[in-house]
Amino acid sequence: MAALFTGKVLVANREQDELETERELCRALENKVLLLYFGSGQCPRCRRFAPLLKDFFLRLTDEFYVERASQLVLVYVSRDETEEQRSAFLRSMPARWLAVPFGDAFGRELELRFSVSEVPTVVVLKPNGEVIVGNAVEEIRSMGPACFQNWQEAAELVDRNFLLAEDSDRQSRRSITDPIRRLKYKLAKKMEAKDKEREEEGEDLA
């Protein structure tokens, strides 16, 4: 997959750290299904679809929903008119998303390479860069996270249990407090949801 991004730069959401070396890109993209999301925070269709895509991605990668994140990575290819619009949109999306830098000609190259003619478009790729689905927007809308299993099988991913020894070493060093940490994380999420409900109820009463 890194071959597709050779000599290119990707930006990590939130921190704005750049992944520009071959090693960094390989670590981020290796042995994963890649989603290229072509969209805009201002496009009405994208604004309706983005919450579904966010939920789709979180349910497959966030520890609130899963014990182990799915082998999935998403790169946002912006069609926003300004960098401020792009940044505002990304702030509302998962921190694990990656993005093509704003104004980078590589975004246009990707549009031409994958024949993107409208937004939103989600191109699903194998680790070797081959296309699994040309536009998975309707599939995500209708099936939700269940469609990832089909993509995973088509991509012929290697189970991470059989990858590099350093991965298994890192797994063995995980703290015994991880289950407690996950529980606290879930409880915190629930508390946030309850607080939001109270705020909304207060606004309705006012």
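Visitor: Which residue caps the N-terminal end of helix 4?
Guide: Welcome! This is a predicted model, and we can start at the N-terminal end of helix 4. There, a side-chain oxygen lies 2.8 Å from the backbone nitrogen of F106. The residue that supplies this oxygen, and so caps the helix, is D104.

Visitor: Which residues of helix 4 are buried, and how are they arranged around the axis?
Guide: Helix 4 spans residues 105-113, and its buried residues are F106, G107, L110 and E111. Looking down the axis of helix 4, you would find these buried residues within an arc of 150°, so they line one face of the helix. An α-helix has 3.6 residues a turn, so residues three or four places apart point the same way. The arrangement asked for is therefore one face, made of F106, G107, L110 and E111.

Visitor: What does the face of helix 4 turned away from its buried side carry?
Guide: Exposed means over 50% relative accessible area. On the face turned away from the buried side, the exposed residues are A105, L112 and R113.

Visitor: Which strands do the buried residues of helix 4 pack against?
Guide: One partner is strand 3, residues 33-39, where 7 of the 7 residues are buried. Both faces of strand 3 are covered, with V33, L35, Y37 and G39 on one side and L34, L36 and F38 on the other. With the second partner, residues 72-78, included, the answer is strand 3 and strand 4.

Visitor: In which sense do strand 3 and strand 4 pair, parallel or antiparallel?
Guide: The two strands share 7 bridges in the parallel sense, and L35 stands opposite L74 in strand 4. Between them the chain passes through helix 2, residues 44-61, in a right-handed β-α-β crossover. The sense of the pairing is parallel.

Visitor: And in which sense do strand 3 and strand 6 pair?
Guide: Strand 6 covers residues 121-125 and joins strand 3 over 5 bridges. Here L34 stands opposite L125. The sense of this pairing is antiparallel.

Visitor: Is S115 buried or exposed?
Guide: S115 sits in the loop between helix 4 and strand 6. Its phi is positive, about 55°, although S115 is not a glycine. The relative accessible area of S115 is 62%, and the cut-off for exposed is over 50%, so S115 is exposed.

Visitor: Is N31 buried or exposed?
Guide: N31 belongs to the loop between helix 1 and strand 3, and its phi is near 55°. The relative accessibility of N31 is 13%, and buried means under 20%, so N31 is buried.

Terms used:
Residues numbered from 1 in each chain as written. Predicted model: local features only at pLDDT ≥ 70, side-chain atom pairs only at ≥ 80, totals over all residues. Heavy atoms only, no water. Buried < 20%, exposed > 50% of the residue type's maximum accessible area, 1.4 Å probe, protein only. Helix = DSSP H or I, 4+ residues; strand = E, 2+ residues; numbered from the N terminus. Arc of directions from axis to C-beta. Contact = heavy atoms within 4.5 Å. Polar contact = N/O pair within 3.5 Å; in protein donor to acceptor, adjacent residues only side chain to side chain. Pairing = 2+ DSSP bridges. Right-handed = clockwise from strand over helix to strand, strands pointing away.
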